[in-house]
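This report concerns the packing of helices and the pockets of one protein chain. The sequence and the structure are shown below.

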Amino acid sequence: LILVDFSDFVSTDNVTYNEGNVFAVGPGKYIAGSVIAFSGVEACESFVASLMSKVVPSELATGTFNSGLLATLMGTSGRATGDLLITVLGLISLRNILNLMMIPAVCLTTISIILVRRNYAKLDV
């Protein structure tokens, strides 16, 4: 939530980007939020890779098209899709691009947490 610019919901100031507003995302909040988000994504990615190495069948762990290659390809396609989404959102509104990215991300993360908590027993390995 540190990267959601709440000042954009009440202000239409397009010149100063709500500078001086307590609820605006300035350089400090943006850098802190980006570092926290990046650290969280990297920690999650390493955890998923470690977990996948323990549950992948041995047939998928050998040869050229192994689980490591598949994980790399999925990660690359996910990054490419994310880059495409950021480009489209920038074309929609460069002024509100931060909220256009962060509000759906917060909603999707919340829904994912709710679904995991609800189906935790089914996800048990």
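## Packing of helix 2 against helix 3

In this predicted model, helix 2 spans residues 67-92 and helix 3 spans residues 97-118. Their axes come within 8 Å and cross at roughly 130 degrees. Angles over 145 degrees count as roughly antiparallel and those from 65 to 115 as roughly perpendicular; helix 2 and helix 3 are therefore oblique to each other. The crossing in which helix 2 passes helix 3 is right-handed.

On the side of helix 2, the contact is made by Ile86, Leu89, Gly90 and Ile92. Their counterparts in helix 3 are Ile97, Leu100 and Met101. By residue class, this contact of helix 2 with helix 3 comprises 6 nonpolar residues, 1 polar residue and no charged ones.

## The largest pocket

The largest pocket encloses about 1500 Å³ of space. It is lined by 36 residues, and those closest to its centre are Ala37, Phe38, Val41, Ala105 and Thr109. Three elements each give two or more residues to this lining: helix 1 (27-55), helix 2 and helix 3.

Which element supplies the largest share of the lining of the largest pocket? That share, 13 residues, comes from helix 1. In terms of chemical character, the lining of the largest pocket divides into 25 nonpolar, 8 polar and 3 charged residues.

## The second largest pocket

For the second largest pocket, the volume is about 220 Å³. Its lining consists of 13 residues, with Asp5, Val25, Tyr30, Ile97 and Leu98 lying nearest the centre. The elements that give two or more residues to the lining of this pocket are helix 1 and helix 3.

Here the largest share of the lining, 3 residues, comes from helix 3. The lining of the second largest pocket divides into 9 nonpolar residues, 1 polar residue and 3 charged residues.

## Elements and residues in more than one role

Ile97 takes part in the contact of helix 3 with helix 2 and also lies among the residues nearest the centre of the second largest pocket. Helix 3 likewise has several roles: helix 3 crosses helix 2, gives residues to the lining of the largest pocket and provides the largest share of the lining of the second largest pocket. Helix 1 gives two or more residues to the lining of the largest pocket and to that of the second largest pocket.

How values were computed: Residues are numbered from 1 along each chain as its sequence is written. This is a predicted model: local features need pLDDT of at least 70, side-chain atom pairs count only at pLDDT 80 or more; totals for chains, interfaces and linings use all residues. Side-chain values use heavy atoms; hydrogens and water are left out. Axes are lines fitted to C-alpha atoms, for helices over the stretch in contact, and angles run from 0 to 180 degrees between N-to-C directions. Helices (H or I, at least four residues) and strands (E, at least two) are DSSP runs, numbered from the N terminus. Angles under 35 degrees count as roughly parallel, over 145 as roughly antiparallel, 65 to 115 as roughly perpendicular and the rest as oblique. A crossing is left-handed if the near helix is turned anticlockwise from the far one by less than a right angle, and right-handed if clockwise. Contact means heavy atoms within 4.5 Å. Ala, Val, Leu, Ile, Met, Phe, Trp, Tyr, Cys and Pro count as nonpolar, Asp, Glu, Lys and Arg as charged, and the others, Gly among them, as polar. On a 1 Å grid over the protein atoms alone, a cavity is a set of points where a 1.4 Å probe fits but cannot get out, and a pocket is an open set with protein on both sides within 12 Å along at least five of seven lines; lining residues have an atom within 4 Å of a point. Grid points are joined across faces, edges and corners, and a volume is the space filled by probe spheres set on the points.
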